[in-house]
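This report looks at the disulfides of one protein chain and then at one of its sheets. Please keep the sequence and the structure at hand while reading.

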Amino acid sequence: METFKAYPYDDEGGEIPFTDPIDQVSVSHNPDFTSMLKNEAADRVSDYVMFTHFENPRPGVLYRMDVDLADDCTLQVKSIEPVDASEWGGIWIPCAGSITSWNSHLGSEEYEPDAKLLAANVTYDEFKAMWTEDEVGGVSDIVNFLRFFGVYYPTYENDMDLIRSTFNPYKYGHVVEYGVDDSGATTVTKWYTMGRQALEMAEILPDDKTVYISDDGTNTMMTAFVMDTPKDLSSGTLYIAKFNQTDDKYGGSFDVDWIELGSATQDELAAMVDNITFDDIFEYTEPTIEGQSCSCPDGFTGINAGHESGSPQCLKVKDGMETAAAFFETRRYGAMMGGTTELSKFEGVAYVANSKNGKDEIYAAMSDVRYGMEDFMKKGDAADNYDVCGNNDIRLPYNPCGCVYQMDVEEIDGWMQITKARGYLCGDTNSGTNAYDVCDVNNIASPDNLVWIGKNNGANSIVVAEDTSNHQNDYAWLIDLNTGERTRILTSVYGAEVTGIGLYEYEGCSVMTSVIQHPYGESDTDKVDSEYSQGLDGYVGYIGPIGFKTSSDLDSDIEVSSPQFSGNVTAESDYTYTFTVDGLSNGTVYNFTVECVLGDGVPSTSEQGYVETLPESSVGTSDQSKSPSTSSGMKGTHITCGIAFWALAVLSFV
């Protein structure tokens, strides 16, 4: 089936001659975040439920898969169906996500539609003239979404009243929660309480109170939502980060302050959303700009906030509309309040507890260091439009390869605040490049999704997935936070991003979801018909089983993962076991597929996450085979187990 783009105008501004557009079908090659939840419904068809985002088309689409986990830790799909979000006016652009401690899927709506495009003074000709194929959240996305309401071109031609009355931009750009109720039915809740932005994802910290939210695109922000009551997203306070730069080396260093934007409940915001427009919230006028200088009339505030070309503007919040501005125009209002709106392609966020330095940390991905993050520059060349009228808080050298940032977290005023940020791992163009790879192939390029894999297993590492045109093949990397060592664990086909990374541990099995999005879509389009091509379709799959086990899964005389050792295994605590192993023979090779870090002061050496040496014997992996040095075996050794063996599996139907 051919992909169909339902744009009303071509790139020359001419009308596309649709003969019967209602019969056209949009096919998505863009799967994204995929979760795995325990199905706790009494009358259930499966033990687990997976939700998968599809970023394209407009309107957005999610699918629910009911799956079972087999004894060998493979997944078997029992059924699949689309998710009905019609009670919320449909879903905008579902992108990345996370899961909650209360067993729900926390999704997103990326690139919120710009409500200013639908302001009362905008004519149809002006609306039409603002269409560009590349501008996400713009005119083309809005008119595509009209199909959700049964409105197709040319029905809305020259009719801005129809467009405005049909499409309400303030219903899109929010965190969306999905789950399964007691009857087994899918539940959908769009949370207005966490603000509105180009929402990449929301990450809830272990206090079940603090939520960090990433804002994708150009000239964007970082926000935090603090619940009034833990595990209750229905009321709380919204904050925006203020980045105070202290250094410009290697992605920069910053002190971070937090500016309160407002407090609200879901009920009051839900009552408000159907009855507000851009003109209800703001007075607006164009700024006077001379070079790097910006001025606004008295009573107006100059800002520069989102999206692709920078957006200098002068705004004034109307009396009594502060709450509406905070929660439905979060980026614009946050900039007016002094927050930083200069981030570029702010993507994944991952919380890490007790990292190498013993502190809690956040790791966050910026796919590019560019535009608003530069100092009146655009990709290294002089340009004013991304900083003029704004704060110019961030002033860094251009880096097309992006950075992963490390951020300190402290409990202050009852919530877990980021206080400092610094570049942790940045891609570079200085080595490892070629005609197809702008960025070093031995380092990251355009980091996107992040996930910490040490929550339950002691493996202090993060996985970083790429969404880049600066590597011909995008990668997923395993980054050891203790040593800084990075290992490629997944490679995409040409022109595809790696996304949807998530680690799920159930019943002694650990699987890592992984998604390949839009093959041949961002580069190498001419290779889609090559001998080895599998076509344009994206992939939803997983890596695993990885080999984690919990203490509840262990009894005496049971083998751990796949080592063919005989003897006793005693669980002392989660992921810590005592081995008593007999029968090791000289000259025999033992394959050990669980990474183990020796405790109790017993020395060991390791390479690429694999143990090479154990007391009185040597064992190996499928990649590194060793023969025991003695036949006395090992007794009473304490071992903590984490990741070691990777295998790729694809969801199969049964």
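## A right-handed disulfide

In this predicted model, C294 and C389 are joined by a disulfide with an S to S distance of 2.0 Å. The torsion about their S-S bond is about 95 degrees, so this disulfide is right-handed. The pair links distant parts of the chain, since C294 belongs to strand β18 (residues 293–295) and C389 to the loop between β25 (381–382) and β26 (403–412), 95 residues apart.

How accessible are the two partners, C294 and C389? C294 is partly exposed, its relative accessible area being 27%, whereas C389 is buried at 11%; the cut-off that separates the two classes is 20% relative accessible area.

## The disulfides of the whole structure

How many disulfides does a search of the whole structure find? The search finds five, and a general point helps in reading them: a disulfide is a covalent bond between the sulfur atoms of two cysteines. When the bonded cysteines are counted along the chain, the disulfides follow the pattern 1-10, 2-5, 3-4, 6-9, 7-8.

## Two left-handed disulfides

C73 is joined to C509 by a disulfide with an S to S distance of 1.9 Å, and because the torsion about the S-S bond is about -70 degrees, this disulfide is left-handed. C73 lies in the loop between β4 (61–69) and β5 (75–82), while C509 lies in strand β33 (residues 509–517), so the bond ties together parts that are 436 residues apart in sequence. Both partners are buried, C73 with a relative accessible area of 7% and C509 with a relative accessible area of 6%.

A disulfide is also formed by C401 and C439, whose sulfur atoms are 2.1 Å apart. Here the torsion about the S-S bond is about -100 degrees, so this disulfide, too, is left-handed. The pair links distant parts of the chain, with C401 in the loop between β25 and β26 and C439 in the loop between β27 (415–426) and β28 (447–452), 38 residues apart. C401 is buried, with a relative accessible area of 0%, and C439 likewise counts as buried at 0% relative accessibility.

## An open sheet of nine strands

The chain also contains an open sheet of nine strands with antiparallel pairing, in the order β10-β11-β13-β14-β15-β27-β26-β23-β22. Which strands stand at the edges of this sheet? They are β10 (199–204) and β22 (346–352), each of which has a single partner strand, so one side of each is left without a neighbour in the sheet. On average, and with direction ignored, neighbouring strands of the sheet are turned by 25 degrees against each other.

As a general matter, strands of a sheet pair through backbone hydrogen bonds, either parallel or antiparallel. One of the pairs in this sheet is formed by strand β11 (residues 210–215) and strand β13 (residues 222–229), which run in the antiparallel sense over five bridges. Within this pairing, I213 has T223 of β13 as its bridge partner.

## A helix on the sheet

Helix α4 (residues 266–273) packs on the sheet, where it touches β14 (232–247) and β15 (253–265). The direction of helix α4 makes about 75 degrees with that of β15.

How values were computed:
Residues numbered from 1 in each chain as written. Predicted model: local features only at pLDDT ≥ 70, side-chain atom pairs only at ≥ 80, totals over all residues. Heavy atoms only, no water. Disulfide = S-S within 2.5 Å. Helix = DSSP H or I, 4+ residues; strand = E, 2+ residues; numbered from the N terminus. Buried < 20%, exposed > 50% of the residue type's maximum accessible area, 1.4 Å probe, protein only. Pairing = 2+ DSSP bridges. Axes fitted to C-alpha atoms, helices over the stretch in contact; angles between N-to-C directions. Contact = heavy atoms within 4.5 Å.
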